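Hi there,

Here is the structure I promised to pass on to you. My notes on what turned up in it follow just below.

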Amino acid sequence: MDLNQTKQKMDGALDSLKKEFGGLRTGRASTSLLDKIQVDAYGSSMPLNQVGTVAVPEPRLLTVQVWDSGLVKSVEKAIRDAGLGLNPQPDGQLVRVPVPELSQERRQELAKIAGKFAEQARVAVRNVRRDSMDALKKAKSDGKMSEDEQKTASDKVQKLTDETIKKIDEALASKEKEITHV
């Protein structure tokens, strides 16, 4: 039973949560807002960052400098269809994406979504804990570990779980504050 491997898996759940949070709109422009957008380009679907450069020139504006002028329409369509409530405006090879102010209702909806992401991360961490505890019990029953060693390792796994869930809760609190801050 490798504690480092357990820690890596738990940290992976936390990293995944932070990526999910990056895609939530907070009323401020952020390049991570457009990370998941796929553009139809050259007969296949490509990530937006592979067809242009995303920048934040102002707090409420994103720009996408499209490298191939033939893809401006595709980029505009992909952003509009992404369901983020954004309305891109092409200007030559530059696509301007104003980030509108969020309504209070939308802020509450985004806070709920953030809560769901956090709960999924907590469940993932608990699953890692369960797998680790099962491995410890198996090692004890196979005679590879004494009862004291199992108890010590179980306590370490539980402590790691508690720390990771605390980090998830802190990340959620921070994101909710960012979303609800006007």
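Let me start with a residue in one of the helices: Arg-106 sits in helix H3, which covers residues 104-141. With a relative accessibility of 25%, Arg-106 falls in the partly exposed class, because that class lies between 20% and 50%. If you want a distance to check in your viewer, the C-alpha atoms of Arg-106 and Ala-82 are 16 Å apart, with their places 24 residues apart in sequence. Please keep in mind throughout that this is a predicted model.

Now for the chain as a whole. It has 4 helices and 6 strands, and from the N terminus on the order is α-β-β-β-β-α-β-β-α-α. The radius of gyration is 22 Å, while the globule rule gives 16 Å for 182 residues, so the chain is more spread out than a compact globule. Along the principal axes, the C-alpha atoms fill a box of roughly 70 × 40 × 20 Å.

A few other totals may be handy for you. Of the 182 residues, 37% count as buried. The accessible surface is about 10600 Å², and carbon and sulfur atoms account for 49% of that. If you take the contacts between residues at least 6 apart in sequence, 63% of them join residues at least 24 apart. As for charge, there are 31 positive and 28 negative charges, and their mean positions lie 2 Å from each other.

Next, the strands. E1 (residues 38-41) and E2 (residues 44-47) run antiparallel and are paired through 4 bridges. Together E1 and E2 make a hairpin with 2 residues between the strands, and Tyr-42 in that turn has a positive phi of about 55°. Which residues of E1 are on its covered face, and which on its uncovered one? Val-39 and Ala-41 are on the covered face, whereas Gln-38 and Asp-40 are on the uncovered one. Asp-40 also has a bridge partner in E2, namely Ser-45.

There is a hairpin further along the chain too: E3 and E4 form one, again with 2 residues between them. Strand E3 takes in residues 52-58 and strand E4 residues 61-66, and 5 bridges join the two in the antiparallel sense. One of the pairs to look at is Gly-52, whose bridge partner in E4 is Val-66.

Strand E6 (residues 94-98) holds Pro-98. This proline has a relative accessible area of 29%, and is therefore partly exposed on the 20% to 50% scale. What does Pro-98 touch once its neighbours within four places in sequence are left aside? The contacts are Arg-60, Leu-61, Leu-86, Asn-87 and Gln-89. Leu-61 belongs to the residue range of E4. Pro-98 can also be placed against Glu-58: the two are 40 residues apart along the chain, and their C-alpha atoms are separated by 9.4 Å.

Last comes helix H4, residues 147-180, where Gln-150 is found. Is Gln-150 buried or exposed? Its relative accessibility is 13%, and buried means under 20%, so Gln-150 counts as buried. Not counting residues up to four places away in sequence, Gln-150 touches Leu-136, Lys-137, Lys-140 and Met-145. Among these, Leu-136, Lys-137 and Lys-140 fall in the residue range of helix H3.

Happy to talk any of this through whenever suits you.

Best wishes

Note on methods
Residues are numbered from 1 along each chain as its sequence is written. This is a predicted model: local features need pLDDT of at least 70, side-chain atom pairs count only at pLDDT 80 or more; totals for chains, interfaces and linings use all residues. Side-chain values use heavy atoms; hydrogens and water are left out. The radius of gyration is taken over C-alpha atoms; the globule rule is 2.2 Å times the number of residues to the power 0.38. Buried means under 20% relative accessible area, exposed over 50%, partly exposed in between (1.4 Å probe, protein chains only). Contact means heavy atoms within 4.5 Å. Accessible areas come from the Shrake-Rupley method with a 1.4 Å probe; for residues, only the protein chains shown count as cover. Lys and Arg count as positive and Asp and Glu as negative; His and the chain ends are not counted. The place of a charge is taken as NZ of Lys, CZ of Arg, CG of Asp or CD of Glu. Two strands pair if DSSP finds at least two bridges between them.
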